[in-house]
Amino acid sequence: MEKKQRKKVKNPMSETESNDLDDISCLFFQKGIMGLFLLISIFSLLLRVAVSLHSYSGAGTPPKFGDFEAQRHWMEITTNLPIKDWYFNTTNNDLSYWGLDYPPLTAYQSYFHGLFLKHFDPNSVSLFTSRGYETHFGKLLMRWTVLSSDLLIFFPAVLYFVLVYYGGNRSGGNKSDVAWHIAVILINPCLILTDHGHFQYNCISLGLTLGAVAAVLSQKDLLACVLFCLSLNHKQMSAYYAPAFFSHLFGSCLRRKNPPLEVLKLGLTVLGTFAIVWWPFLHSRDAFSVVLSRLAPFERGIYEDYVANFWCCTSVLIKWKRLFTTNSLRFLSLVATILTFLPSMIQQIWSPSSKGFLYGLLNSSLAFYLFSFQVHEKSILLPLLPATLLAMELPGVLSMLLMHSALLSMFPLLCRDKMAVPYMALYMLSILLYLAPCGKQHIKRHLSRSMITFSIVISYLCSLVLHIIYLTIRPPEKYPFLFEAMIMNFCFSHFLAFTVYTNAKQWMLSRQSTSRDKEKKLN
Amino acid sequence: MEDQRKPEKNKTSTTSNLLWFFGVSTCVKLLLIPSYHSTDFEVHRNWLAITHSLPLDQWYIDKTSPWTLDYPPFFAYFEYIISFFAHLVDPKIVDLEKGLDYKAESVVLFQRLSVIVCDFVLLYGVYRLSKNFSMGFKERVLMWVLVVWSPGLVIVDHMHFQYNGFLLGLLMMSISYLMEGRDLMGGFIFAVLLCFKHLFAVAAPVYFVYLLRHYCWKGFVKGFWRISVLGAVVVAVFAAAYGPFVYLGQMQQVISRMFPFGRGLCHAYWAPNFWVFYIILDKGLAFLLKKLGLNIPVPAASFTGGLVGDSSPFAILPQVTPLTTFIMVLLALSPCLIKVWKNPQPRSVARWIAYAYMCGFLFGWHVHEKASLHFVIPLAIVAGNSLEDARHYFLLSIVSCYSLFPLLYEAQEYPIKVLLLLLHSVLMWQSFSALFTTDATAKAVVSAKKTDRQVGLKGSSSDVVEKGGFHIGWIGRCYLFGLLAVEIWGQFLHPYLLGDKLPFVPLLLISIYCALEIMYSWIWQLRQIMVST
């Protein structure tokens, strides 16, 4: 229903556009969605491999190194120790040195990747002696584990989503729009830089989430539950999406024939999936609670390093850490987060819809990013995923601005990893992507009012100045993190404005749909 | 009013679209900065150091590093200019002694960026071609895809490290002037190009005949005037390049540096050309005769070793000298030259020049596999002209890119080169299909559109497949599968089954297999040139 309307709006647009723009896209996009996907996925895979040539977090910085070493260490632990010792502090497993603090699915994934490493380079995962193992070949093997996970999980999930989103009619739809949408999802510079540069496996948890989203859109609720539980069990951060999944599935269950039965089915699926994943740790209560406590690092502060969220940015004025105890901060952040995602949840229970679900994902993950406890700068990836899924809905300029603020918010981190060059290359590529012949029409449509154009130009100028300042000027001795704070406040203001906008947008949806329902009744 | 505005708008959109293509490729090139680079990287660094720290009279004499200056003077001047920027970035880059094998981040970044920036010359060449040449919009975009996103250029320039994009940009500029009919300018730029890299001289006979016939053959007085103008321009260019060295009395030295004939017929890795078959035939004959009981002396020099001395490496067949190869190249070129003389038309210039480089590649002395770019890039200009051209280019381009694979032998770059080739093939496949299906059935679509858009599109596309849009035929398909088999054998099965035994077989297979297609392509091009009117 919604899609049909969108198409109707678009067709006259594309016909009035100059012919050559159409020509460019039809030169490449002659084949159906599969052809488009093949082309774009090869290109984005090439980008990922090229980024993986660069440095990773903590390269050559003993004694703790960085995320790369953490992942390698988990492979070392999981391949050498019995499963019951993985999360426990033993003589063979020193939890203070990058102890495993992700849910079991990450541990299993580390185990399989560890086997792969062991086969080709046994030294890289030998117990104790492999700490800080940094060889060219070892790095290559590690990079290939991320690449293969990306290719096997994230890419198929994107294909599934696109096929569902654009419906069964493969020849229909404006092909250049489809291509652009695929490119925006696959060529997400933040995701590429974090996974293939900094070194993490976000592609797995995000890919599973994306699969769940596609399953929800195609009304396969049970499959969605399984996939989302797997995602949760890979990285607990996926809980950022939980309110949206819960509210949408709950809301649509309420509208079916037998609500309690439907809810029960979903609940059992969730429990079953969790039980299977947690099976090795369910034999005693002790084991279970130890693993659980590893996953919730409440003893750490309310934020780490510099994050563009509420707590970090307002701490310039209000010293949260000094004013409150960790306990009360935990409560405070919980309340703030719930208050922020509650409106979008209510909307989805009230009138669940596919588009509303995507907005709900965006709003709840933004709420968590902005207000929850212990947020990393990399967590911006979670709101970015639904934002790219909504690329055809959101005004082009806004999604471009969001992407680039997110990139800027990761800039200090990536500079520390010595990844300024790939950062700049992907930043440029991302701008080009939004200015691509097919994306350009999308952006121009919303640049009609000069006020908007003006504010966007100002924002980009500020961002450029911040980049230059951060790269060239040394901060004053008294405030060594002055520029980080400036960057984070700049990004925070954008994220906050964006949150308000998308929440409003989500609520407008339900108004639209109710008015449409009324029209139908009248007809 | 509208009619006046239309071309203006078209022009700006052409420029911005081309810039977009170039921007995307620049991003990929930036990402490839830390990838593997060959000794050519150190060669160019050493040239920076030589030109920066030594006076002109020492440039072609210095022997501090084994990588002596062996390009013509314009390239030396070019290095001299960028060495100033290098000095600003990091003085150690241009230090003759301390800079030897310098591998710091600064020098990698600087040299890589210098190649990326120099690619603007290629961009300008392509821009000139697409601005003036009366191509359809799709053909123009196709050319951008083939040239600006050329995987071969990325592999050779931005990974292996060379400045081919810049030099080929000059060649494209020269071709664009010739196609416009501005022969003098075209000749001038070609002369400049020759003074940058003398390997481009293979096309000089074509230029000579074409310019003589098309530019100078205009009656006695006008012709004489034009020939003297052209001669003066070329002499001036060469004087600017070589004048200082003539003055210093170093011409002998410069020439001996530029033409090191002591290097042997084939490079360490055999470029896929005619001589591969020649060597194989020799080995086969020797083996056969030995089986028959004849006493064949084993040649002292081997081919797989790389450098070859004076002794003949052939057991049976006669030895090949540089003169032989020279004569063979000229012989191969002669049909084309006759054609040029008979009917010099600007629109075929790119084809002829590409053919000349093809001949040089097939029969030349000590040919590098990288030289295949010299004909693949100019051929991109005419690739969209007809279905046959497209089919031929599709295979040739894949094979030429594949023959570059041995340049990057490390595991780290393996996925990159494979993905580059895959991307290129898919892009070519899709754009060629689009180009030739829509052309053939444009009328059918228009009539079908009126009735029902969806049904019409579906029907027409299936029609086209039946009528034969873009396809490469079963021979082409089998050949590509064979290519895949060669790659799988060389990369995976050979090391797995045979271990370290016969280490040269995978490379040998690649050379022979690619040489097949290159030979076919040469014959095809020759036929095409002879048939065309």
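This passage describes helix packing, burial and unusual backbone geometry in chains A and B of a predicted model.

In chain B, 20 helices and 0 strands are found, and buried residues account for 41% of its 533 residues. When contacts in chain B between residues at least 6 apart in sequence are considered, 74% of them join residues at least 24 apart.

One of the helices of chain B, H5, covers residues 137-148 and therefore offers a simple case in which length and burial can be described together. Helix H5 of chain B has 12 residues and reaches 16 Å from its first C-alpha to its last, which is close to the 16 Å expected at 1.5 Å a residue. This helix is mostly covered, with 9 of its 12 residues buried. The buried residues of H5(B) are B:Arg140, B:Val141, B:Leu142, B:Met143, B:Trp144, B:Val145, B:Leu146, B:Val147 and B:Val148.

Two packed helices are described by the angle between their axes and the distance between the axes. For helix H8 (residues 183-196) and helix H10 (residues 220-248) of chain B, the angle is about 25° and the axes lie 9 Å apart. Because angles under 35 degrees count as roughly parallel, H8(B) is roughly parallel to H10(B). The crossing in which H8(B) passes H10(B) is right-handed. On the side of H8(B), the contact is made by B:Leu184, B:Gly187, B:Phe188, B:Ala191, B:Val192 and B:Cys195, while H10(B) contributes B:Val229, B:Leu230, B:Val233, B:Val234, B:Val237, B:Phe238 and B:Ala241. Sorted by class, the contact of H8(B) with H10(B) has 12 nonpolar residues, 1 polar residue and no charged residues. An α-helix has 3.6 residues a turn, so residues three or four places apart point the same way.

Within this contact, B:Val233 belongs to helix H10 of chain B. If neighbours within four places in sequence are left aside, B:Val233 is in contact with B:Leu184, B:Gly187, B:Phe188 and B:Ala191. B:Val233 nevertheless counts as partly exposed, because it has 15 C-beta neighbours inside 10 Å, whereas a residue is buried if 20 or more other C-beta atoms lie within that distance. Between B:Val233 and B:His267, which are 34 residues apart along the chain, the C-alpha atoms are separated by 35 Å.

A second helix pair is found in chain A, where the axes of helix H4 (residues 67-80) and helix H5 (residues 104-120) come within 8 Å and cross at roughly 90°. H4(A) and H5(A) are therefore roughly perpendicular to each other. Here A:Trp74, A:Met75, A:Glu76, A:Thr78 and A:Thr79 in H4(A) meet A:Ala107, A:Ser110, A:Tyr111, A:His113, A:Gly114, A:Leu115, A:Leu117 and A:Lys118 in H5(A). By class, the contact of H4(A) with H5(A) has 6 nonpolar, 5 polar and 2 charged residues.

Most residues other than glycine have a negative phi, and most peptide bonds are trans. The peptide bond from A:Pro62 to A:Pro63, however, is cis, with omega near 5°, and A:Pro63 is found in the loop between helix H3 (33-51) and H4 of chain A. A:Phe199, although not a glycine, has a positive phi of about 95°. A:Phe199 is found in helix H8 (residues 189-199) of chain A and is buried, with 25 other C-beta atoms within 10 Å. In chain B, B:His366 also has a positive phi, near 50°. B:His366 is found in the loop between helix H14 (349-363) and helix H15 (373-379) of chain B, and counts as partly exposed, with 18 C-beta neighbours inside 10 Å.

Key
Residues are numbered from 1 along each chain as its sequence is written. Chains are lettered from A and ligands numbered from 1 in the order in which they are written. This is a predicted model: local features need pLDDT of at least 70, side-chain atom pairs count only at pLDDT 80 or more; totals for chains, interfaces and linings use all residues. Axes are lines fitted to C-alpha atoms, for helices over the stretch in contact, and angles run from 0 to 180 degrees between N-to-C directions. Helices (H or I, at least four residues) and strands (E, at least two) are DSSP runs, numbered from the N terminus. Angles under 35 degrees count as roughly parallel, over 145 as roughly antiparallel, 65 to 115 as roughly perpendicular and the rest as oblique. A crossing is left-handed if the near helix is turned anticlockwise from the far one by less than a right angle, and right-handed if clockwise. Two residues are in contact if their C-beta atoms, placed from the backbone, lie within 7 Å. Ala, Val, Leu, Ile, Met, Phe, Trp, Tyr, Cys and Pro count as nonpolar, Asp, Glu, Lys and Arg as charged, and the others, Gly among them, as polar.
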